[in-house]
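The exercises below ask for a reading of local and overall features. Each task is followed by a solution in steps.

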Amino acid sequence: MSDLATNTPPDEAVIEVRDVRYAIGGRTIFDGLDIIARRGRITAFMGPSGTGKTTLLRLITGMAHAERGSVRVFGDEVSTMRSQELFALRRRMGMLFQNGALLTDLDVYENVAFPLRAHTKLPESLIRQLVLTKLHAVGLRGAARLMPVELSGGMARRVALARAIVMDPDILIYDEPFVGLDPISMGVICRLIKQMNEALGITSIVVSHDVQELSEIAHDSFLLSGGKVVAKGTPDELRRSDLPEVRQFMGGLADGPVTFHYPAPDYAKQLLEEAP
Amino acid sequence: MSAGAESAPVATLRRIGAVAVFLWRIVVQIVPAFAKPRLIVAQIYNAGGRSLVIIMMSGLFVGMVLGLQGFDLLQRFGSEDALGVAAALGLLKELGPVVTALLFAGRAGTSLTSEIGLMKATDQLTAMQMMAVDPVRYVVVPRFLGGFVAMPLLNAIFCGVGLFGAQLIGVSLMGVDTGAFWSQTQGAVRLDDVVEGIIKSVAFGTACSLIAVYEGYHAAPTAEGVGLATTRTVVTCSVLILLIDYMLTAAFLTTS
């Protein structure tokens, strides 16, 4: 764990997003977004599909920059960082992508060893120990020599998790970690996220719309809708909320502030029109 | 102004500028990339070793056709003994570098573009950036260097096999004297001719590898995007090869 992580008080804000506006292709994604993730806690960003959850991760990791407002990680403004500073920041972060994003020309072992080989000059024996330790932690030590194409979706995500923690990051970011998984794999990933947080004290950011799973692991939750945070609190607090956006999302209701139909001309009129 | 609203010349200029900037990013990372020589060796094998069969087969057939056509032409002037010279000069100065480069664009170039494009589409390049690893250094530069090194080697093999093919037809089938075939070839082919072929193949290798990695790296991260990028690689490389060939040939003839 880094000096900064050990020298800061437990509840210090590690990620601060203040009054952020971000638009892409003329479409406003965020306007007045405020979010805080505190050290050592699991923070969940929830919201309907297309609400900009993954975009928020891009802003936090410096892959996209806000038009207005501030995005601070460890107290440093991300948007003004130069590429070397961004790379230094990212070395303190691990990220689990939706599809795992394993390097397809490398086997499981080499995928996990990749960050170590890229950033350190550790002897091969030590790299081996670290890689096997991390693979053991996710239950895939025996799959070390399999290629990514031979893994199931759940296994690929566990390998990606082992790769994400191999450099002992201060922040772990999970982008839709439960998508497309069977209930067993989902439970395994859920338990691993919790274990990583408790055993390693890692600040965890989980982006998802799986309310049930997040309720089990998240300490803090932010519900995003319409470009800003519409509700925050623990998952239980969100569940008790009277706000229509929150009730619709937590209850999985088709009708509510988020409309089922994409904006379209009058249905009957369009049906009666001649085909172009 | 959006790219769609640009006139064709402006869009072309913009693209040339983008390729030049990308080349600069590659050049800057070449020395650091040598810290991982295994990646470069693997890509030389990918671009070169895996193209060997198609290059050797094509070289053999091109050489055999040269043997047939060359013999038919030369015997009209009673100069069939010069078949070796005609085949060697044709292969070394023109056919070798150009045909090798066209085959390279179709085999290795498309492979490079689609591989990098798919890595982008499956978030592998983004994952590298998140691991504070520059994808240009770890993915693009080794592949660029692989193509750059492989092209002249493939050209040499193409020319060697092609000459063997011409000899096979000329000597074994048409009855040209072996001694005349080889001695005239040895006497007439100068070092300048060999150098011309090498310079051409290095230029083609640079252009093809650059276009292939550029298109892959900038492909839209979708199935259609990767397909379009792969097509653009073949088209752009083919036109560039013939354009550069004309320019270099004109330059060599002017200076000789």
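**Exercise 1.** Locate A:Asp168 in chain A and describe its backbone and its exposure.

Solution. In this predicted model, A:Asp168 sits in the loop that runs between α6 (153-165) and β7 (171-175) of chain A. Next, take the backbone: phi of A:Asp168 is near 50°, a positive value in a residue other than glycine. Last, take the exposure. The relative accessibility of A:Asp168 is 41%, so the residue counts as partly exposed; the class covers values between 20% and 50%.

**Exercise 2.** Carry out the steps of the previous exercise for A:Ala101.

Solution. A:Ala101 belongs to the loop between β6 (93-96) and α4 (108-119) of chain A. Its phi is near 55°, which is again a positive value in a residue other than glycine. The relative accessible area of A:Ala101 is 3%, and therefore the residue is buried, the cut-off being under 20%.

**Exercise 3.** Determine the surroundings of A:Met46, starting from its strand.

Solution. A:Met46 is part of strand β3 (residues 42-46) of chain A. With 1% relative accessibility, A:Met46 counts as buried because the limit for that class is 20%. Leaving out residues up to four places away in sequence, A:Met46 touches a set of residues that includes A:Lys53, A:Ser208, A:Leu214, A:Phe222, A:Leu238 and A:Phe249. One of these, A:Ser208, is 162 residues away along the chain, yet the C-alpha atoms of A:Met46 and A:Ser208 are separated by 5.4 Å.

**Exercise 4.** Which residues does B:Ser209 contact, and what does its side chain reach?

Solution. Begin with the element: B:Ser209 lies in helix α8 (residues 191-217) of chain B. Its relative accessibility is 0%, so B:Ser209 counts as buried. The side chain of B:Ser209 comes to 2.7 Å from the backbone oxygen of B:Gly205. Setting aside neighbours within four places in sequence, the contacts of B:Ser209 are B:Phe104, B:Phe144, B:Gly147 and B:Phe148.

**Exercise 5.** Place B:Phe34 in chain B and list its contacts.

Solution. B:Phe34 is in the loop between α1 (8-33) and α2 (37-47) of chain B. A relative accessibility of 49% makes B:Phe34 partly exposed, since over 50% would be needed for exposed. Not counting residues up to four places away in sequence, B:Phe34 touches B:Ile40 and B:Leu145. As for B:Leu168, which is 134 residues from B:Phe34 along the chain, the two C-alpha atoms are separated by 42 Å.

**Exercise 6.** Describe chain A as a whole: its elements, its dimensions, its burial and its charges.

Solution. Count the elements: chain A has eleven helices and ten strands. Then check the dimensions. A compact globule of 276 residues would have a radius of gyration near 19 Å, and the 20 Å of chain A agrees with that. Along the principal axes, the C-alpha atoms fill a box of roughly 70 × 40 × 40 Å.

For burial, 49% of the 276 residues of chain A count as buried. The chain exposes about 13700 Å², with 52% supplied by carbon and sulfur atoms. Turn to contacts between residues at least 6 apart in sequence: in chain A, 64% of them join residues at least 24 apart. Finally, chain A carries 31 positive and 34 negative side chains, and 5 Å separates the centres of the two sets.

How values were computed: Residues numbered from 1 in each chain as written. Chains lettered and ligands numbered in written order. Predicted model: local features only at pLDDT ≥ 70, side-chain atom pairs only at ≥ 80, totals over all residues. Heavy atoms only, no water. Helix = DSSP H or I, 4+ residues; strand = E, 2+ residues; numbered from the N terminus. Rg over C-alpha atoms; globule rule 2.2 N^0.38 Å. Buried < 20%, exposed > 50% of the residue type's maximum accessible area, 1.4 Å probe, protein only. Contact = heavy atoms within 4.5 Å. Areas by Shrake-Rupley, 256 points an atom, 1.4 Å probe, with all protein chains shown as cover. Lys, Arg positive; Asp, Glu negative; His and termini not counted. Charge placed at Lys NZ, Arg CZ, Asp CG, Glu CD. Polar contact = N/O pair within 3.5 Å; in protein donor to acceptor, adjacent residues only side chain to side chain.
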